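Work through the exercises below with the coordinates open. Try each task before reading its solution.

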Amino acid sequence: MRTIAPDQNRTLASLLLKVDRKTSAPLHAQIDQALRGRILSGEVAPGTRLPPSRTLAAELGVARTTVLQALEALQAEGYLVTAPRSGVRVAPELPSEGLSPLPAGAARHASPPRLSRAARALRSTATGAPRLGPAPRAFRPGLPALDLFPVALWSRVVGRAQARASARLLEGGDSAGHPGLRRAIAEHVVAARGARCGPEQVFISGGTQQAFEEVLRLVVDPGDPVWLEDPGYLGARRAVLGASAQPVPVPVDAEGLDVEAGRARSPRARLAILAPSHQYPLGVTLSLPRRMALLRWAAEQRSVILEDDYDSEFRHRGRPLTALQGLDDAGRVLYVGTFSKTMFPGLRLGYLVVPPALVDMFAAARASLPAPASALEQAALAAFMDQGHFARHLRRMRGVYRERSEVLLEALRTRCAGLLEPSPCDTGMQLCAMLPPGVSDVRIHDRAARLGVEVAPLSDYGFGRRHRGGLVFGFGAVRPAAIRAGVETIQRALETG
Ligand SMILES: Cc1ncc(COP(=O)(O)O)c(C=O)c1O
């Protein structure tokens with residue numbers, strides 16, 4: 001290692017320091033970091049006198065104030081000292097070794113910290129690394145039509161909520177959630193989803209994912225088996241792995257989750273996570289006999305069902321379906337709803353409806369925690385719902401998604417007949433279309449991505465090899481013209497296979 005001794009100072013800048021104008025890091029921070037690193041590694045010895053700031057600035061090609069800013073920061077932390085007439089020096093009392101926990105250069109080869117079993121499981125390919133590119137485009141699943149969200153109206157409602165904020169709200173609000181929002185949600189899920197609940201059963205969450213994590217924390221212990229739909233929502237799988245619980249894949253067919261298969265694989269699972277009204281990503285509905293079988297299983301085993309009802313507000317046609325929660329007489333269903341689709345995902349607000357017998361336990365678990373989400377935005381959302389804006393927005397968006405689903409189905413029928421078999425699409429903002437046996441969905445995904453279109457391969461959502469691949473199309477955020485153009489691209493991707 002080359003070391004700058006205390007008496008060599010004139011060429012310090014050119015020898016050891018460089019700045020890179022292409023990175024976004026500010027120049028003073030680059031100088032600070034580089035010099036700190038040299039001091040810590042011993043490359044610049046304690047007591048070394050630094051060149052005058054003017055010289056350093058000239059050699060580095062930066063303004064003198066930039067150098068002074070870096071030197072001041074290092075001085076404040078004790079790396080540098082100034083003395084009358086001797087200028088700026090590296091602090092003499094810095095030990096020459098042992099300052100850095102590792103010998104110079106070794107940091108690059110050091111092993112990362114050890115991780116928990118949950119972290120290792122999360123990192124494994126079993127969680128399906130997303131294959132999504134950076135920009136939202138046709139047909140990214142999960143995105144609502146953000147350009148049709150009434151942003152100006154929402155901003156006014158948020159502004160008014162801020163102006164009227166009580167001391168309680170400014171303090172952070174209730175740990176179970178804003179009382180007005182809990183009431184508005186209870187009314188919404190009773191009226192729109194046939195749920196049975198009062199406001200005291202509603203707990204606000206920071207979205208579905210956070211609600212999953214909370215339920216897992218309170219219902220399962222590490223290693224406990226949890227039924228998951230195969231294929232199914234990766235967020236549920238991540239939450240299970242994050243809780244060090246044991247995922248048990250349960251197949252999904254045209255009637256939804258195969259309860260008998262679940263019983264055969266793991267009769268005593270503590271929890272089942274599923275989307276009964278609109279299975280993700282296949283889009284099927286859990287049949288009534290399966291609903292009854294699932295509720296019976298949970299009642300017998302004293303297990304819990306976590307109902308993910310993420311987009312049922314957008315039923316395009318047919319009778320509205322009732323939530324599984326509305327059929328539950330034994331207090332086994334925990335219902336999770338989200339505003340990620342009905343409002344926008346960045347709001348990070350959702351809710352959990354718990355059975356009456358669990359209200360006290362959830363309230364106690366929340367009591368020592370801060371409020372789960374911004375109290376201000378909860379208050380604004382309560383007002384947005386109370387004033388009828390939410391219901392109006394839902395009505396409008398239901399029409400938009402119905403139209404987009406029809407355009408997509410029609411385009412697939414005309415362009416991809418024989419190549420893709422779309423499932424019916426009565427709800428929500430995505431549909432799954434099956435490929436002919438033997439055609440790899442990952443290959444089609446890759447080819448479509450190169451042509452500028454994003455479709456999620458069905459196999460990403462499964463636990464193992466499927467005999468039939470499929471493509472998941474999100475159409476919520478895609479305008480009709482872009483839907484038609486996107487399907488043409490998919491047709492090309494399929495035909496060049
Ligand atoms: C099946 C399913 N559940 C829930 C959600 C919403 O998750 P969150 O509320 O965490 O945004 C999504 C979003 O894509 C989803 O696809």
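**Exercise 1: Domains and overall dimensions**

Task: State how far apart the C-alpha centres of domain 1 and domain 3 lie, and give the residue ranges in the domain assignment.

Solution. Start with the distance: the C-alpha centres of domain 1 and domain 3 are 57 Å apart. Note that the model is predicted. Next, take the ranges. Domain 1 covers 1-94, domain 2 covers 117-126 + 151-391, and domain 3 covers 394-495. Then set this against the whole chain. Along its principal axes, the C-alpha trace spans about 90 × 60 × 50 Å.

**Exercise 2: Global counts**

Task: How many helices and strands does the protein chain have, and what percentage of its residues is buried?

Solution. Count the secondary structure elements: 17 helices and 14 strands. Now classify residues by relative accessible area, with buried meaning under 20%. Of the 497 residues, 50% are buried. Turn to the surface. The accessible area is about 23200 Å², and carbon and sulfur atoms hold 54% of that. Finish with contact range. Take contacts between residues at least 6 apart in sequence; 73% of these join residues at least 24 apart.

**Exercise 3: A sheet and its helix**

Task: In what order do the 4 strands of the open sheet run, and which are the edge strands?

Solution. Read the order as 11-12-14-13, with antiparallel pairing. The edges are strand 11 (421-422) and strand 13 (456-457), each paired on one side only. Recall that strands of a sheet pair through backbone hydrogen bonds. Check one pair: strand 13 and strand 14 (residues 470-474) are antiparallel over 2 bridges. Within that pair, proline 457 has leucine 471 of strand 14 as its bridge partner. Now add the packing helix. Helix 15 (residues 389-415) packs on the sheet and touches strand 11, strand 12 (430-434) and strand 14. The directions of helix 15 and strand 12 make an angle of about 15°.

**Exercise 4: Nonpolar cores**

Task: Which residues have the most contacts inside the largest nonpolar core, and which helix gives the largest share of this core?

Solution. Begin with the general trend: in soluble globular proteins, nonpolar side chains tend to be buried together. The largest nonpolar core here has 67 residues, and Phe139 and Phe473 have the most contacts inside it. Helix 15 supplies the largest share of this core, 10 residues. Map the core onto the domains: domain 2 and domain 3 each contribute at least three residues. Finally, look for a separate core. Another one, of 24 residues, lies apart from the largest and includes Phe203, Phe212, Ile273 and Val304.

Notes
Residues numbered from 1 in each chain as written. Predicted model: local features only at pLDDT ≥ 70, side-chain atom pairs only at ≥ 80, totals over all residues. Heavy atoms only, no water. Domains from an automatic or database assignment. Pairing = 2+ DSSP bridges. Contact = heavy atoms within 4.5 Å. Axes fitted to C-alpha atoms, helices over the stretch in contact; angles between N-to-C directions. Buried < 20%, exposed > 50% of the residue type's maximum accessible area, 1.4 Å probe, protein only. Areas by Shrake-Rupley, 256 points an atom, 1.4 Å probe, with all protein chains shown as cover. Core = buried A, V, L, I, M, F, W, Y, C linked by side-chain atoms within 4.5 Å.
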